[in-house]
Amino acid sequence: MLVLGLETSCDETAAAVVADGTTIRSNVIASQAALHRRFGGVVPELASRKHVERLLPVLDEALEEAAVSLGQIDAVAVTRGPGLVGALTVGVAAAKGLALSRGLPLIGVNHLEGHIYAGFLTAPDIRFPVLALIVSGAHADLVRMPGHGHYEILGRSRDDAAGEAFDKVARAMGLGYPGGPEIDRLAQQGDPKAVPLPLPMADGSLDFSFSGVKTAALRALRGHEGDQRFLADLAAALQFVIVEVLVRKTLRAARTLDAETLIVAGGVAANSWLRAQMTRRCEEEGLRLVIPPLVLCTDNAAMIAAAGYYRLRRGERSPLSIGAESELLLQ
Ligand code: KG4
Ligand code: ZN
């Protein structure tokens, strides 16, 4: 089954063709990062307008790269939330138009479910129960997945998500947008112990709270702006504490749940220190770890097509009345 995936939840306009939920035939991503950079973050109105401009050219490119025509597509999967409502609406409207005009089944996909399915695209032989850590610009969620399409939320971010903390501190440090990759790069030259930051364990729960450490980092920065040595140390310290909490809580949950596989997904899963630490600690614990390659960690439409495929395979369809839902819950 060839599924066309569309993703427009934030500032990436993306289309992909995936065969049988496992083989990526094409995965085209047009990033708007350059457009939003001078504002220091995503401007929702601009993002929606750019999606309108770019979505059909990106779709054409995805079909061309996959060497298929629209007539060969079997179903359309689209992100319907969570995300920026105006941005999501562009993708949902396009998907509905395609489904209606071609008589194709339509499936609306939760963006977070998409991030998890980047794991299934990476390793199709994943065994359940799965524990998934989704770390992105807006989320830090720990999810137990007993089987395809079933989710139990074990913990979530109570305030700032991990990516948000990286982006906000990076912005104050005068680094570019998005800040996560800049912090990752700069941290490689820094000493994580040189700037003391609190380890944000929240409490004994599996929830995350990164707003305190973000504020502590912003306070530490005062008076040191422009000091390259200090900036590198601060980036390393911030990255160290955020990753440490993510790793500790995730491994604690994996032990308690007796998880077979851990999937780490979402934009922050592209972080090199997080990838290295998760790999080392999972090896020590004998836990199978799946972290998608970088291009499948950050927003893309292949993950949406894959998640959609597993729903379609179970006979699920979305009505043509679906809309975008900015706060859509994973369930
Ligand atoms: O999943 P994603 O592309 O979009 C959302 O769904 O939010 O995640 C974007 C987030 C941004 O906060 C970005 O700074 C962060 O992922 N990010 C990183 C890295 N690459 C992207 N954070 C830390 N290190 C990275 N290498
Ligand atoms: Zn995302």
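The structure, a predicted model, holds zero disulfides. Cys282 is in no disulfide, and the nearest cysteine sulfur, that of Cys297, is 14 Å away. Read from the other side, Cys297 is likewise in no disulfide, with the sulfur of Cys282 as its nearest cysteine sulfur at 14 Å. A disulfide is a covalent bond between the sulfur atoms of two cysteines. Because a pair of cysteine sulfur atoms must lie within 2.5 Å to count as a disulfide, the 14 Å separating Cys282 from Cys297 rules this pair out. Cys282 counts as buried, at 1% relative accessibility. Cys297 is buried too, with a relative accessible area of 0%.

**Zinc site**

Which residues coordinate the zinc ion (ligand 2)? The donors are His111 through NE2, His115 through NE2 and Asp299 through OD, at 2.0 to 2.1 Å. Their spacing in sequence is H-x3-H-x183-D. The pair of His115 and Asp299 links distant parts of the chain, 184 residues apart. His115 belongs to helix H4, while Asp299 sits in the loop between helix H10 (294-297) and helix H11 (302-313). Both of these residues, His115 and Asp299, are buried.

**Backbone features**

Two cis peptide bonds that precede proline are described here, together with two residues of positive phi. Their values are as follows.

| Feature | Residue(s) | Angle |
|---|---|---|
| Cis peptide bond | Phe128 and Pro129 | omega about 0° |
| Cis peptide bond | Tyr177 and Pro178 | omega about -5° |
| Positive phi, not a glycine | Asp20 | phi about 50° |
| Positive phi, not a glycine | Ala67 | phi about 55° |

Where do the prolines of these cis bonds lie? Pro129 is in the loop between helix H4 (111-122) and strand S6 (130-135). Pro178 lies in the loop between helix H5 (162-172) and helix H6 (179-187).

The residues with positive phi are also found in loops. Asp20 is in the loop that runs between strand S2 (12-19) and strand S3 (23-31). The loop holding Ala67 is the one between helix H2 (44-66) and strand S4 (75-81).

Is Asp20 buried or exposed? With a relative accessible area of 38%, Asp20 is partly exposed, because this value falls between the limits of 20% for buried and 50% for exposed. Ala67, by contrast, has a relative accessible area of 61% and is therefore exposed.

Terms used:
Residues numbered from 1 in each chain as written. Chains lettered and ligands numbered in written order. Predicted model: local features only at pLDDT ≥ 70, side-chain atom pairs only at ≥ 80, totals over all residues. Heavy atoms only, no water. Helix = DSSP H or I, 4+ residues; strand = E, 2+ residues; numbered from the N terminus. Buried < 20%, exposed > 50% of the residue type's maximum accessible area, 1.4 Å probe, protein only. Donors = N, O, S within 2.8 Å, 3.2 Å for Na, K, Ca; no water.
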